[in-house]
Amino acid sequence: MGRLFAIEIIYRGIFQKTLARNISRAIVLAAHKEGKPGISFGRYGDSPERNGIPAKSFAIVATDDVTLEEGMAKYEPKDVDITICVDDTLAKGVESWAWYGLQPVNKLLKPGGTLIVTSRLEADPIIAMCHRKETPYEMAILKAIPSFSGLWVYKDDHTDVRILGAIAKILPDLFSLKSVQAAITDEWHDAVKVTSAARAYEKLTTVTVKPTQGNPEVPFKFDLPKWHEMGEGIVIPSIPAGHKMEDPGTHATGGYKPDRNPTFKKFSTRTMRPVVDFDTCIKCTLCWLQCPDSCFDVTPEGLYDANMEACCGCGVCEAVCPVPNCVTMVNESSFHDNASQWVAWRKDKTNYKGWVQEKIKGHGERSHGFRYLGQYEEQVPEMLDIATKG
Amino acid sequence: MAIATVVEQQKGTEETALITGSEAIAVACKLADVDVITAYPIRPYDTVMQYICKLVANGEMDCEYIVAEGEHSQFEIVKHASAAGARVFCGSSGVGWMYAMEALTVTPALRIPMIAMVGNRALDDPGAFGVEHNDALAVRDLGWQLVWVDNAQEALDTALIAYRVAEDRRIFLPCAISCDGAFLTHSQAVVKIPSQEQVNKFLPRYNRGDLLLHPDNPITVAPQGNEDWVMEIRRQNYAAIERSYGVIKEAYAEFEKIFGRSYGNPFFEEYMTSDADIVLMGMGTLSTPVKVAIRKMRDEGKKVGFVRMRWFRPFAAEDLAKCLSRFKAVGVIDRDYSMGSPYNSGVLATEVRTALYCGSGAKPPVLGFIAGLGGREVTVPDVEKITASVQQAAQGKTQPLTQWIGLRE
Amino acid sequence: MATVVKHDPTQALDPFKSVKKLPLEEYFTSGHRTCQGCESALLMKLMAKAAGPRTIVLGSTGCMYVANTTYYSTSWVVPWMHTQLGSSGSAALGTAAALKVLMRKGKMKNEPINVIAFCGDGGGADMGISGISATLTHPDYNCLILMYDNESYANTDIQLSGSTPWGANTTFSTPGKVKRIMHHRWKKNMAGMMAAGHPECKYVSTISMSYGLHAMNSMRKALAIGGPTFVHSLDPCPKGWDYDPYLSHEIGELAVNTGVWPLYEIENGVLRLTGRTQQIAAGKIRRQPVRDYLTKQGRFAHFTADDTDYFQSKIDEMWTKWLYPGVIPFRKEIEADSAPAE
């Protein structure tokens with residue numbers, strides 16, 4: 001029996017589809033340079049990808065064909081040497097298309113395996129976002145603006161090859177930097193990309209994450225019923241009608257809180273969340289009306305509280321809000337829970353005001369999607385600068 | 001009966017009329033007070049819809065009679081009407097049935113108790129009107145209950161039984177009643193028409209219950225499933241078709257009590273088998289030439305019997321294996337083809353062999369015969385020729401496993 | 001009267017007066033697996049809000065099936081049932097027919113229940129068109145067929161449909177080294193076709209989720225007027241059109257303001273341009289150039305200036321040469337139209 005290597009790539013559906021495919025393809029090609037057979041595949045269950053909804057790709061490589069078959073015999077790897085997380089906000093957990101419940105980003109990592117995260121942040125805030133794991137693992141931060149290259153036009157910011165360089169450093173038995181560079185040359189014929197990979201290899205450092213570190217919360221899960229426990233005729237109950245909200249202080253009831261799908265919550269799709277300034281809200285209804293995810297709870301006094309279990313961070317509310325800074329999209333990494341903003345505001349308005357100011361100052365450039373012709377080109381230079389300098 | 005010549009009045013309750021098989025099923029729909037019916041023209045099944053049109057026009061029947069723009073819509077419309085609580089009827093023939101195939105696929109999966117008449121017709125190409133059983137057989141793996149009848153009376157009775165079985169909450173699966181094109185759909189016979197009171201007693205009202213699509217019962221029906229769910233969903237439908245065997249038996253017993261007509265074993269009819277050495281098998285109207293030939297051969301001292309399959313789905317494998325184990329050899333006449341199947345036999349022959357192979361009793365040789373395709377007549381000499389070969393097999397003489405009968409060669 | 005159409009009563013659905021007077025209840029709620037900024041999901045929400053609780057919804061295969069309802073999971077509060085890709089017309093007809101006959105025979109409580117069948121542009125403008133057409137010829141069944149048009153088979157992998165605009169990048173029309181424009185067909189004029197072809201259909205309209213109140217009131221009219229009706233919504237799709245999801249609302253507005261998506265309704269045979277489209281036609285506001293719309297979408301990122309000009313010329317033609325601007329493509333005079341060279 002030879003050795004089997006499994007690498008998991010967790011990415012944002014559609015935005016990072018091409019990026020993830022490039023990475024897993026290049027892993028197999030680099031290993032091929034050393035005569036190691038391998039396969040690259042996207043998780044089929046995730047394939048009707050949606051913008052932002054977490055999805056997975058895998059690369060499986062082995063020292064020989066028989067060992068490779070051992071890996072291919074599984075629908076997908078059950079434990080991996082490396083997990084690559086190409087957007088740091090995915091560290092909060094993964095609720096994919098293909099299953100129910102929230103999966104910790106480090107779930108499939110073998111003891112001592114490495115989690116590679118592309119981020120502008122340091123390791124500590126990201127460790128805090130990840131759920132705790134019983135066994136220690138390594139974390140490597142690849143300094144980068146998460147690469148949301150979109151679908152039709154690929155924003156080549158070298159994230160793909162930098163990750164290849166990092167893998168060569170972490171898992172030298174899989175392939176050497178030399179093989180990575182050879183594969184890059186074959187695939188892209190781009191000397192600068194070769195340099196970027198080398199730079200990532202040289203600069204890469206990892207920290208050990210102990211079982212005592214990380215988010216202690218137990219992620220919500222879902223148990224599959226037996227065939228005779230399921231309703232006949234492919235019938236399931238509808239969502240119950242919603243109900244009035246209650247004011248935490250006065251206990252006055254009013255407004256409306258819709259009931260929500262209990263088996264799919266969608267918040268792990270979020271890379272940004274709306275921060276609402278209730279003091280400046282003019283109750284124009286637009287955020288509530290135009291939200292495709294019905295995520296706004298209507299409070300007894302007629303304000304709109306974005307429910308963080310349901311919000312997927314599209315940003316339409318910010319776009320339609322007529323009041324400056326009343327709704328502001330802020331990067332998800334600056335929050336540690338899904339608590340109600342309205343409840344916090346009702347408890348202590350002055351304190352809340354301060355909190356809002358602190359959150360929305362320098363909330364950062366929107367990283368994902370396509371907004372105007374040529375946008376990709378404009379975003380690339382800054383990334384290339386990081387890539388080549390490291 | 002405005003649409004049929006009333007032959008005689010009988011004890012006030014039961015009429016007798018001279019009607020075709022199609023007309024008999026139309027009458028059953030009227031007696032069953034069917035709510036939504038969709039029609040689309042294709043020969044030969046469409047005669048049933050012509051009769052229903054007259055029933056509606058004459059005010060003898062109250063239903064939504066909808067002429068669709070194609071078979072796919074025809075079957076989808078009644079599928080949804082049934083989901084909303086309506087008793088429905090539909091039907092088709094040949095390639096029309098195949099055009100509806102997507103709808104035919106989802107109907108059992110959704111547990112819709114649709115009753116459909118198939119006027120069996122050869123599939124294109126070439127376009128042919130004549131009978132062949134491949135149309136109805138095309139859905140045999142999907143959860144449809146499939147029954148073949150061979151006369152107008154049986155058509156009417158079976159339609160009533162089909163509604164009772166399909167709409168039983170334990171089942172909720174569709175049922176297709178196959179009537180051979182021309183031989184049954186277009187030829188008239190004297191049929192006893194049961195009274196409305198009898199039918200009401202036999203056939204409870206369709207109750208969609210917990211699966212009803214209505215604002216008072218808010219449900220989501222048929223969300224898209226992945227590999228975590230599909231096996232469990234298929235298993236549920238297996239359980240339903242498994243239960244169908246018992247529910248069919250109950251229905252025939254109840255039918256006999258109320259209408260006084262008995263069909264013996266619901267799943268297959270045995271003709272002159274008690275002392276038979278060998279038997280022939282088949283489905284539908286080829287029973288007529290076969291029975292005539294058997295009587296002739298009996299006069300010549302040949303101990304031949306006939307087993308006519310009624311219910312093809314569910315397939316009463318154990319009963320049939322037990323029955324056939326009494327004989328020295330079996331000849332199965334298929335009015336269908338199954339290209340490239342084991343021994344290139346027809347569909348029925350292949351299933352009979354499977355049933356016997358796993359049965360507990362003796363396993364007589366099974367010869368397959370392809371005959372009467374495209375509506376070609378199966379003649380008495382054809383049947384005699386078939387019998388001769390089966391007799392050879394009974395005496396241990398090797399015979400070809402599949403033979404084409406009535407072919408110019 | 002040679003024939004009499006037996007109309008069953010419909011629900012009284014008066015127009016919502018203003019966004020401040022909308023009901024708070026949601027009948028299509030959170031937890032669907034659509035993209036961030038999905039305008040079709042918004043359409044589902046506003047459609048359910050407009051129709052209210054006594055409604056049955058039928059959904060044909062597509063994003064709004066696969067993403068909203070993944071087994072054991074649903075976002076629907078009102079009863080909902082899947083129908084096949086090409087079956088929205090049949091699903092509406094069959095459900096409406098069942099309600100009609102069961103109520104007539106006293107087998108079901110007699111009350112007006114809304115029946116809505118939705119389909120995407122693939123299920124509606126392509127595969128389902130004959131079934132929809134047939135349903136629109138049945139005057140005595142109350143039902144609404146709602147087509148959510150995201151201009152591709154977006155669920156399946158963004159393949160082009162008969163409703164995909166000229167030149168757009170889809171996985172079946174990807175620009176290559178030699179051919180830049182792989183999709184040479186002009187978008188089907190579905191609403192106009194449905195209105196022109198079905199004289200008994202009392203209501204056809206086009207809507208956009210960027211004008212939510214207008215859209216809800218249009219759907220309420222379609223449900224209340226009696227008989228089969230057809231509403232066509234253009235839904236910006238961040239997945240297939242490739243733009244930042246927060247732009248969904250703005251791109252919907254741009255589609256209308258550039259004249260690419262004219263808003264109109266045909267009520268009892270009377271054509272009425274509505275909303276911003278009416279103002280453009282009346283010369284109150286100027287039509288924006290289509291490039292403002294095209295350049296915000298990755299699916300047009302391969303367009304050259306010629307392509308944009310050609311697109312503009314086709315839109316101008318729709319506004320200046322069509323007998324009714326943006327509605328029916330009968331021209332006052334036939335003129336040659338020439339696509340740019342490859």
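The exercises below deal with a predicted model and treat the two domains of chain A, then chain B.

**Exercise 1.** State which residue ranges make up the domains of chain A, and how far apart the domain centres lie.

Solution. Start with the assignment: domain 1 of chain A covers 4-222, while domain 2 covers 231-262 + 272-360. Next take the centres over C-alpha atoms; they are separated by 33 Å.

**Exercise 2.** Describe the interface of domain 1 and domain 2 of chain A by its contacts and its buried area.

Solution. First, the contacts: four residues of domain 1 of chain A touch six residues of domain 2 of chain A. Second, the area: the two domains bury about 370 Å² between them, with 59% of it on carbon and sulfur atoms. Third, the contributors on the side of domain 1: Thr89(A), Lys92(A) and Met129(A) supply 77% of the area this domain buries against domain 2, more than any other three residues.

**Exercise 3.** Find which side chains form the salt bridge between the domains of chain A.

Solution. The rule, a cut-off of 4 Å from nitrogen to carboxyl oxygen, finds one salt bridge across this interface. The partners are Lys92(A) and Glu332(A), at 2.9 Å, N to O. Polar contacts between the two domains number two residue pairs. On the side of domain 1 that touches domain 2, the residues are two nonpolar, one polar and one charged.

**Exercise 4.** Decide how the compactness of chain B compares with that of a globular protein of its length.

Solution. Chain B holds 13 helices and 17 strands. Its radius of gyration is 21 Å, and the globule rule gives 22 Å for 409 residues; the values are close, so chain B is as compact as a globular protein of that length. Along its principal axes, the C-alpha trace of chain B spans about 65 × 60 × 45 Å.

Note on methods: Residues numbered from 1 in each chain as written. Chains lettered and ligands numbered in written order. Predicted model: local features only at pLDDT ≥ 70, side-chain atom pairs only at ≥ 80, totals over all residues. Heavy atoms only, no water. Domains from an automatic or database assignment. Contact = heavy atoms within 4.5 Å. Buried area = accessible area lost by both parts, 1.4 Å probe. Polar contact = N/O pair within 3.5 Å; in protein donor to acceptor, adjacent residues only side chain to side chain. Nonpolar A, V, L, I, M, F, W, Y, C, P; charged D, E, K, R; others polar. Helix = DSSP H or I, 4+ residues; strand = E, 2+ residues; numbered from the N terminus. Rg over C-alpha atoms; globule rule 2.2 N^0.38 Å.
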